[in-house]
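The report below follows a few local features through one protein chain, beginning with an aromatic side chain and ending with a sheet and the helices beside that sheet.

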Amino acid sequence: MSDSRTGTGPFADTPTLAGLRTRGAIIIALAWTITEALRATVTDAAGREPGWWLLSIAVIAVATGLLLRASRDPVPLRASLVIAILPAVAAVANIAMMGQPSGFGLYAAWTWPTGTIIMCFLVLRGRPILAWAGEVLLSSVILWWWNQAPVASNVTEAWQECWWNISFLGTCTVLGVAMRYQVGIINELRDTTASVGVDQALAEARTAERDRQLVYLNATARPLLEKILQSETLSDADLTEIALVEAQLRDRIRARGLASESLLDAARDARARGATVVLLDDGALDGLSEPDREAAQSRIVKALHTELDRATADSTVTARILPPGRPTLATVLRLSAHGVRRHEIAAER
């Protein structure tokens, strides 16, 4: 399971859960590398070939740095290949420093346990197959060297060290699988929480919009309804006012993407001059990002204002935000005795 996500919210991943990106992890990795590298000084192997010793330290440091600083999880494939190979390269430098096993013994082969630790963390970073391949390569280098002239030791033997490394990597593999499973659960819970938050925000927005519409209805429609109930007859001016208010209410419902107060007032003025105005919103702007939506609305409103201001009694002005998925976001059309004017507002590329 890949832990890399895209989106706006923070998501958990195995390195974060294990603290691999923290300053403490870097300090521990540095201390571990230095401590293990000093094993070569105890047997005086480092003093025999200091150049190879420093090269092995540098290679291990590069592998550790790549592992800790990888920006996403799993580690990119190319970087993972390099990390899997570098401990074996460091082991080659290590055995070049020691020469024959009879000279110093297995204790000076400090790159073996250090490389195994790197493979363990590569497992945690989501590359278990490459980690095991790297461990096989690393162990093969050390075992090949050791079998050239093995030395009896009361501390450890090559195969004993090999099985210890393999068992440690196996334990980390099981731990890595369990951690990545838990990461998946954590991210699913975050997704669910985010979804609930979005639904709650939408519900609150709908409630706020309903309250605004109720305030508008109370301020505009209620006085007209009371006049209708109280008056036996209505004048032409009353009928015109009722028709204008009804049209504005329809605009607010059917053209939410165009329902700014200035535009609604312009549509009302055009209707008062006798023009027919139809405003529709079929949702093409809903899927746009906030900057793109604002830019598109600005262009639509500008074109619509132009045609509403010019509308006369013989004019029909129709503005429609089209359904999603079309190359054109909206159209603005004015029909009059003088001809047809049409605006098409396309999405900006």
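In this predicted model, Trp146 has a relative accessibility of 6% and therefore counts as buried, since the cut-off for that class is under 20%. Its sequence neighbour Trp145 is buried as well, with a relative accessible area of 3%. Trp145 and Trp146 form a tilted aromatic pair, in which the ring centres are 6.1 Å apart and the planes enclose 55°. How many aromatic pairs does a search of the whole structure find? The search gives two, and the other is the stacked pair of Trp164 and Phe168, with ring centres 5.4 Å apart and planes at 10°.

Trp164 and Phe168 both belong to helix α10, where they are four residues apart, or about one turn of the helix. An α-helix has 3.6 residues a turn, so residues three or four places apart point the same way. Trp164 is partly exposed at a relative accessible area of 43%, and Phe168 is also partly exposed, at 31%. The accessibility values of the four aromatic residues are collected here.

| Residue | Relative accessible area | Class |
|---|---|---|
| Trp145 | 3% | buried |
| Trp146 | 6% | buried |
| Trp164 | 43% | partly exposed |
| Phe168 | 31% | partly exposed |

Trp146 also takes part in the surroundings of Ala158, a residue of helix α10, which spans residues 158–230. Ala158 is buried, with a relative accessibility of 3%. Leaving aside residues up to four places away in sequence, Ala158 touches Leu106, Trp112, Leu143 and Trp146. Between Ala158 and Trp146 the C-alpha to C-alpha distance is 7.1 Å, while their separation in sequence is 12 residues.

The next element to consider is helix α12, which covers residues 261–272 and has 12 residues; from its first C-alpha to its last it reaches 16 Å, close to the 16 Å expected at 1.5 Å a residue. Which residues of α12 are buried? They are Leu263, Leu264, Ala266, Ala267, Ala270 and Arg271, and because these residues cover an arc of only 160° around the axis, they lie on the same side of α12. Against the buried residues of α12 pack α11 (236–254), β1 (276–281) and α13 (290–310). After α12 comes Gly274, which has a positive phi, near 105°.

Strand β1 leads on to an open sheet of four strands, ordered β1-β2-β3-β4 and mixed in its pairing. Its edge strands are β1 and β4 (339–346), each of which pairs on one side only. On average, and with direction ignored, neighbouring strands of this sheet are turned by 5° against each other. Strands of a sheet pair through backbone hydrogen bonds, either parallel or antiparallel. In this sheet, β1 and β2 (residues 316–321) run parallel and are joined by six bridges, and Leu279 has Ala319 in β2 as its bridge partner. Helix α13 packs on the sheet and touches β1, β2, β3 (328–336) and β4, with a direction that makes about 5° with that of β3.

The two faces of β2 can be set apart by their residues. Its covered face consists of Val317, Ala319 and Ile321, whereas Thr316, Thr318 and Arg320 make up the uncovered one. In a regular strand the side chains alternate between the two faces of the sheet.

Technical notes
Residues are numbered from 1 along each chain as its sequence is written. This is a predicted model: local features need pLDDT of at least 70, side-chain atom pairs count only at pLDDT 80 or more; totals for chains, interfaces and linings use all residues. Side-chain values use heavy atoms; hydrogens and water are left out. The expected span of a helix is 1.5 Å times one less than its number of residues. Buried means under 20% relative accessible area, exposed over 50%, partly exposed in between (1.4 Å probe, protein chains only). The arc is that of the directions from the helix axis to the C-beta atoms. Contact means heavy atoms within 4.5 Å. Rings of Phe, Tyr and Trp (its six-membered ring) pair if their centres lie within 6.5 Å; planes under 30 degrees apart count as stacked, over 60 as edge-to-face and the rest as tilted. Two strands pair if DSSP finds at least two bridges between them. Axes are lines fitted to C-alpha atoms, for helices over the stretch in contact, and angles run from 0 to 180 degrees between N-to-C directions.
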